[in-house]
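User: Please take a close look at the side-chain contacts in this model, beginning with the aromatic ones. Then follow the strands that the contacts lead to, in one connected answer.

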Amino acid sequence: MRVALVTEVFFDDPEGYQLTRMLIDAAGRGADIAVLPELPLNGWSPYSKVAKDEDAEPVGGPRQARMANAAREAGVALVGGAIVTDDDGIRHNTAIVYDPEGDVISRYRKVHLPEEEGYWETSHYEPGTEPPRVVDALPLNSGLQICSDVNRPQGFQLLAAQGAEVVFAPRATPPGTYERWRIVLRANAVMSGAYLVSVNRPRPENGAPIGGPSIAIAPDGTVLAETTEPLTIVDLERSAVHEAAGEYPGYLKRFAGLYADAWRDLSSS
């Protein structure tokens, strides 16, 4: 699978022209899928604790329609996202995968929400309540995590147990903490035995210290790309996932029942 890392945001692109041109460029370079940063069509609203109505939208809202249209026009699959309001009026930071026809094939709601200067996310949306699921409608079996989720590796382990071959993790993180993120991202790739592609927002917004590289990591922890360029292409090979599964730690058994019982005991205490 050829993946385009799109280290850019598009909140000043109300008609979707810039996004569509970027995806057409990616498709022209042979990309099967393009990956955008966290909440790519929103300005970074968690710089403040004040949540605005216009930052969110219902399922199928205008930002989602722009991403779907751009994917369809370019003929490339797309990992995007939006603040989506459910039928009960609850807002979630939602990653969305579109196929090359612009149809939604997967959604995932961010679970782990920071609450600190520049990242007042608990004031803007609620944690997701469903575990991540693998989608098999792409060239490689794929899963989703969002930003802070990578610092709690249970999601990666669940995706690996479901056969994920690549995990896409859009994010919005500060350049000053990038080295720590890099360690965690590489560790998750090695522990899950899957590729990891994490695309960052490119620059500070409203005083929030955002920026630093996007990164693509092989199942053995090798960094394939580390970039701040708006568009970077990487190739992912299924054979690398199979090789990782046969080597340490990939061949270690996953004792799902054991850990499920332990988590159940903790949740009831």
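Analyst:
**From the rings to the strands**

Tyr248 and Tyr251 are both exposed. Keep in mind that this is a predicted model. The structure holds two aromatic pairs, and these two tyrosines make up one of them, in an edge-to-face arrangement with 5.9 Å from centre to centre and 65° between the planes. Those are the two numbers to look at, because a pair of aromatic rings is described by the distance of the centres and the angle of the planes.

Another ring to look at belongs to Trp120: the charged end of Lys49 sits over that ring, 4.4 Å from its centre. For aromatic side chains on the surface, go to the nonpolar patch, where Phe255, Leu258, Tyr259, Trp263 and Leu266 together offer about 600 Å² of accessible area. Leu258, one of the five, belongs to helix α6, which covers residues 256-268. Leu258 has a relative accessible area of 53%, so it falls in the exposed class, which begins over 50%.

On to the charged contacts. A search of the whole structure turns up 10 salt bridges. A good one to start with is Asp235 with Arg2, whose closest N and O atoms are 2.6 Å apart. Why should you care where these two sit? Asp235 is in strand β14 (residues 231-235) and Arg2 is in strand β1 (residues 2-6), so the salt bridge ties together parts that are 233 residues apart in sequence. Asp235 is partly exposed, at 39% relative accessible area, and Arg2 is partly exposed too, at 30%.

The backbone joins those two strands as well: β1 and β14 pair in the antiparallel sense over five bridges. Within that pairing, Val6 stands opposite Leu231 of β14. β1 also pairs with β2 (residues 33-35), this time in the parallel sense and over three bridges; there, Leu5 has Val35 as its bridge partner. β1 is mostly covered, with four of its five residues buried.

Stay by β1 for one more salt bridge. Arg203 and Glu8 meet through their side chains, with 2.9 Å from N to O. Arg203 comes from the loop between β11 (195-198) and β12 (214-217), and Glu8 from the loop between β1 and α1 (17-28), so here the pair ties together parts that are 195 residues apart in sequence. How covered are the two partners, buried or partly exposed? Arg203 is partly exposed at 39%, while Glu8, at 17% relative accessibility, counts as buried.

Since Arg203 lies in the loop between β11 and β12, have a look at those strands next. β11 and β12 run antiparallel, paired over three bridges, and Ser198 has Ile215 of β12 as its bridge partner. β12 is joined to β13 (residues 223-227) by four bridges, again antiparallel, and there Ile215 stands opposite Glu226. Ser214 and Ala216 point one way from β12, Ile215 and Ile217 the other way, and all are buried. The hairpin of β12 and β13 has five residues between the strands, and in it Gly221 takes a positive phi near 95°.

Two more charged spots round out the tour. Arg63 and Glu57 form a salt bridge with their closest N and O atoms 3.1 Å apart. Both partners are covered: Arg63 is buried at 13%, and Glu57 counts as buried at 3%. Elsewhere, Glu38, Lys110 and Glu121 are linked in a network of salt bridges.

Last stop: Val76, in the loop between α2 (62-74) and β4 (77-85). Val76 is buried, with a relative accessible area of 0%. The C-alpha atoms of Val76 and Asp32 are separated by 5.6 Å, although the two residues are 44 residues apart along the chain.

How values were computed:
Residues numbered from 1 in each chain as written. Predicted model: local features only at pLDDT ≥ 70, side-chain atom pairs only at ≥ 80, totals over all residues. Heavy atoms only, no water. Patch = residues over 30% accessible without salt bridge, like charges linked within 9 Å, V, L, I, M, F, W, Y side chains within 5 Å. Areas by Shrake-Rupley, 256 points an atom, 1.4 Å probe, with all protein chains shown as cover. Salt bridge = Lys/Arg side-chain N within 4 Å of Asp/Glu carboxyl O. Buried < 20%, exposed > 50% of the residue type's maximum accessible area, 1.4 Å probe, protein only. Phe/Tyr/Trp six-rings, centres within 6.5 Å; stacked < 30°, edge-to-face > 60°. Lys NZ or Arg CZ within 6 Å of the ring centre and 35° of its normal. Pairing = 2+ DSSP bridges.
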